[in-house]
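Colleague: Before I use the labels on this model, I would like to hear the reasons behind them.

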Amino acid sequence: MKYACYYLFVLLWLAILISSGIFLFSRGFLLSRVSKTEVANCLHFSNSSLNESSVAEIFKDVNSSSNLCFPKKSKVVILVIDALKYDFGVYDENLVDPKPYQNKLRVIHELLELKPNRSRLLKFIADPPTTTLQRLKGLTTGSLPTFIDIGSNFASPEINEDNIIDQIIRHNLSMVFLGDSTWTDLYPNRFKRSYSYPSFDIFDLDTVDNKIKGNLPRELAKNDWDVLIAHFLGVDHCGHRYGPTHKEMERKLLEMDDVIRNVINQMDDDTTLLVIGDHGMTITGDHGGESSDEINALLFAHMKSKSFISDDYGSDKEAMQQIDLVPTLSTILGVPIPYSNLGLINYNVVPDISLPFMLQYQTLLIHSWHNAKQIFNYFYTYAMDNKRTFKLQDLNDMENKFIQLTHRANTIYNGDAFKSFVGDLNIELRGVLQTCRNVWVKFDPNQMKDGLLATFLPIFFMFLLIVNSKSKSFYQIFTGKVIFHIYALSIVSAGFGYRYHQMLYIELKSEVHGAIFCLMIVSTLILSYLVITNWENIAINWHESQKFQNIPTRLILIFAMGVFFSNSYIIEEQKILCYLLMGVIGILVLDIIKHCFRFDKKNKLKISSLFKSLSFKLALAGGMAIVLLRSSYNLFRCREEQTNCGDFQTSGNTVFRKGGRGNIYLLSVGATCLYTLSTRIYLKTCGNLTGHSLNVSFARYGPILAAICTSGHILLSNNSDIKIIKPSHVDALALVIYALFLLQVLILIISPLMVFVLPRINKQKQQLSVNSRENVVLELFKKIKNSYDETVEIGNGDEHIPVVYGLATVYSSIIISFGLFLTLLLITIQDPKSSVGIVICLAVAAITLVIHSILRFKTSSDFGK
């Protein structure tokens, strides 16, 4: 018992070291941002409410008037051409032999030449990662994308931050959408009308675009919308499939040129057209990174009868950050700028619409100060709610500068003063953006390096100690005194790093970073000392151990580790890991055949005996596991960076096709019932469902009820055609499953064993209790043996030998019973289509464990000694 406690404390210490290293690495690599659910508001002013007295009242105190929203300036048509790189829209008349992507959007060049005051062409600069999903988040919220956006919508892609889409709807404006279904996934039930289509079939260049072109003219002819968005996919798919230098790219760009011309011809004079790309593409047609080819998209703006505001008011006339689109659209549509926005209004693409009794610079002053107050309010609120995210010195400097700008805002009395003010204001707001980028977008190499060291070094030294030491010497290395000093030194070093991290001569970002760094140094020194003092035993055991064994398995491990050091491996990670796992199972099957199959040349091999042999059954099970793994390829979900991918919801497989939605749910129900039935048959065969104890009774009837509720929840929660059943009744099925799971946990705590001792003939009930602090199987065996010895001593004969059901699976039966309820709970929580994948994972795991355990038994050299 004493040695077991020592072992537990050593494991706990190692777990703290490794988990601290992983935590530190994740803080530097998995950049996170907490989503704020606050919503921006403003006070609306109409043209009729503006007069000389009201305007004078507004400019008495600009700070108090910063929450004003002026009337809508125009309707907006947004044509999103996926992967529209800036170079695709630049016209060079000197090119003799243009490439397929050059000089194809001639309409942009023609309008810039004929109507320069009504047309604008800008670089539309994206923040990495340049994937469509993250770009759409930035284009609609005005915030910076990160690897982890911590919010309240864990199981849904729906955006819960304040955004321009919700602001438009909230202020009684209507929207129509056509194109990429990513929009309707992010913003379900927001659009007055939507025509959304899936986007993952990259080999299809025309279907989505043709459907948009078929519906777009009818929508433009209607007058019941304020914003119309059309997201074309053909250019992006052409880049992924062929690259930008293929003739197909020329065809798609000429097609987009016709689309832009037709929209301009059909839209009215009170509409602003914005043609944008969400990201660019490399020379090979890929995107997702931060190269200039990937981040430089295009923005083209045009109005038929009105001009845009000139570039004399601080806005960049060459380039525009993508997050600037959000406050710019808010200004055009007269809605509040979303709460989490970090972008600036770009007046180059804002229609020059005058307001009664207000000069142009006065209107722009209110817009700019509204933008500034919103950004500073968000920044400081976030900093106060998430302390230590930003440096205290940066916060103090920004606060002082903002106070100075607040005083200047009330002293603007002419256009020249406004130009000077807005220039300084934009510099400060860009400073806030850069501060946020340093925290949310840029990796922290110091934390990543220290995290890797804190994870790798303990594993390396413990590998030397444990693998190359005998079990008896392990307890001699980690004595009670050594463990006490380990914990004492670890606590002191972590406390020192936490308290004095700023005094050390290395860059430590926070108190936690300092604590983990000092803990890593001291722990590494302790482990190094233990390795050095026990080096003689380590060297002897190392020399006696068999080198170069299990070469295939080690190669597979190396390849699996390579997943994390190669972009192509990461992109196809699920297929590669499945392939490697199939290789491992294949090696296990070969080893089973090698050690279990015996062929006597003197006797003829009988087919019937072959089929009944253990090696054949295990080989058949291994083959089944490989088939299941291979079939799981149809269950993968496509990620944005996976170009050649068929999503199981939209692939050509008839079972998973969108049109066969009922087949998907029936297959999910079938997998759920098959798994429940298989586990019950196994437990019944092993004797674990014999008797009437609490756990046995619950394991006999509970899974049936849970499977029925799970199947009902799958079918009813995803069938909108059934109107009779209320949503609350469907939710009740899930609550029953939750209750059954909690009841299973409670029963395991009270009465975990699923064994039954056959009562004696005299009908006396056989009581069986064990001490949970010792080995359960060993104690059960001792009690049964004592019972047998007692019957022999009194001479009652063999009929009184105790018979125990479920003894062989006394451990596994508990895990299987608990795992059954846990699996049904996961199927209920997750998407119903994932139930097939969960069952496949469990089946493959069970087969692998059985094969591996039998192989270990067959190859053990000291078994029974």
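The exchange below takes up the cysteines and then one strand.

Modeller: This is a predicted model, in which local features need pLDDT of at least 70 and side-chain atom pairs count only at pLDDT 80 or more, while totals for chains, interfaces and linings use all residues. Residues are numbered from 1 along each chain as its sequence is written, and side-chain values use heavy atoms, with hydrogens and water left out.

Colleague: What makes cysteine 42 and cysteine 69 a disulfide?

Modeller: Their sulfurs are 2.0 Å apart, and a disulfide is a pair of cysteine sulfur atoms within 2.5 Å. A search of the whole structure finds one disulfide.

Colleague: Why is the disulfide called left-handed?

Modeller: Because the torsion about the S-S bond of cysteine 42 and cysteine 69 is about -115°.

Colleague: How do you know that cysteine 578 is not bonded to cysteine 841?

Modeller: The sulfur of cysteine 841 is the closest cysteine sulfur to that of cysteine 578, but at 8.0 Å it is too far for a bond.

Colleague: Why is cysteine 578 called buried and cysteine 686 partly exposed?

Modeller: Buried means under 20% relative accessible area, exposed over 50%, and partly exposed in between (1.4 Å probe, protein chains only). Cysteine 578 has 11%, so it counts as buried; cysteine 686 has 24%, so it counts as partly exposed.

Colleague: What makes β7 and β9 a pair?

Modeller: Two strands pair if DSSP finds at least two bridges between them, and strands are DSSP runs (E, at least two residues), numbered from the N terminus. Five bridges join β7 to β9 (residues 227-232), and the two run parallel.

Definitions and conventions:
Helix = DSSP H or I, 4+ residues; strand = E, 2+ residues; numbered from the N terminus.
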